[in-house]
Amino acid sequence: MFDFIKKGLSKTLEGIVGVKGENKKITKDLLEEILLESDVNYEIVEEIIYYLPPSNEVKKEDLKRVMSSYFLYDKPEIPNSKPFIELILGVNGAGKTTSIAKLANLYKNQGQKVILGACDTFRAGAIEQLRLWSEKIGVDIVLTSQGHDPSAVAFDTISKAKAKNFDQVIIDTAGRLQNQKNLANELEKIVRISNKALEGAPHRKILVLDGTQGNAGILQAKAFNEIVKLDGVIITKLDGTAKGGALLGIAKELELPILYIGVGEKMEDLIEFNPDNFLDILLDGVFE
């Protein structure tokens, strides 16, 4: 897993090395430049430097201690339910459908019985893409034609999962309607109808964020969080960006766990996020 994260942060690490050059010691000025280059929010950079010991020379263990504090958040309590219902949200293009496929593949490889709900009924392409993924992975799917009521698809998916003894239900949602009010109404309805199909559902609401957007994704995440209270985040496309430092800003601003990170295009390139491993790799790039 350590190698997977390192692969995912390869461009971020290249950027750090480019800034660092031949310096053998890390001063606070150089650290500030390195962190900004990897898209750590300026306010957070200033905080990190403020909480370091007064010496101008930065030690790895001190930096890790300070940076670790950004990942100290309360994790939402997740009920133990069968079937377990997850609602996946995110704007079009963030990698939402691919992340759903990777998540389904991960669960299947753990021996769980998985079903998908194609509730992005506003785009025929989204339904077809999810159908193709379900066939490739070998998991069930509930779908309908474009324009059908998304909440009805969610209800049918959960009902089938209950009747057929599925372990995991992953429900796709629309990434964009005509305006935010329409999107809010639709997502709220899916949540409400899911709860009617199974009390307490959805058990986890996960936002997929495009890692190449860096800190710009935070505003997007806040908007979704206002509509539907989120339980966690998946960060995609980390292998394609030098903005890996933005994870600090995302963790701080949202106070939500980063559950998984996407570090490549293969099915196995979705891995559980471990803050300790992430910081070790990031700081190895800074100090070694």
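Me: What makes you say that the buried residues of α10 pack against other elements, and which elements are they?

Reply: Contact here means heavy atoms within 4.5 Å, and by that rule the buried residues of α10 pack against β1 (84–89), α9 (180–197), β5 (204–210) and α11 (246–254). Please keep in mind that this is a predicted model: local features need pLDDT of at least 70, side-chain atom pairs count only at pLDDT 80 or more, and totals for chains, interfaces and linings use all residues. Residues are numbered from 1 along each chain as its sequence is written, and side-chain values use heavy atoms, with hydrogens and water left out.

Me: Why is α10 called a helix, and which of its residues are buried?

Reply: Helices are DSSP runs of H or I with at least four residues, strands are runs of E with at least two, and both are numbered from the N terminus. Helix α10 spans residues 217–227, and G217, I218, Q220, A221, F224 and I227 are its buried ones.

Me: Why is D172 called buried or exposed?

Reply: Buried means under 20% relative accessible area, exposed over 50%, and partly exposed in between (1.4 Å probe, protein chains only). D172 has a relative accessible area of 1%, so it is buried. You will find D172 in strand β4 (residues 168–172), where its neighbours in contact include I88, T97, C119 and L130.

Me: What makes the pairing of the side chains of D172 and K96 a polar contact?

Reply: The term covers a pair of N or O atoms within 3.5 Å; within protein, one must be able to donate a hydrogen and the other to accept it, and residues adjacent in sequence count only if both atoms are side-chain atoms. The D172 and K96 side chains come to 2.7 Å, so the distance passes that cut-off.

Me: How do you know that β2 and β4 pair?

Reply: Two strands pair if DSSP finds at least two bridges between them. Strand β2 (residues 114–118) is joined to β4 by 5 bridges, and the two run parallel, so they qualify. Within this pair, L116 stands opposite I170.

Me: Which strands are the edges of the sheet, and why?

Reply: The open sheet has 8 strands in the order β3-β2-β4-β1-β5-β6-β7-β8, with mixed pairing. Its edges are β3 (140–142) and β8 (270–272), because each has a single partner strand and so one side without a neighbour in the sheet.

Note on methods
Lists of a residue's contacts leave out its neighbours within four places in sequence.
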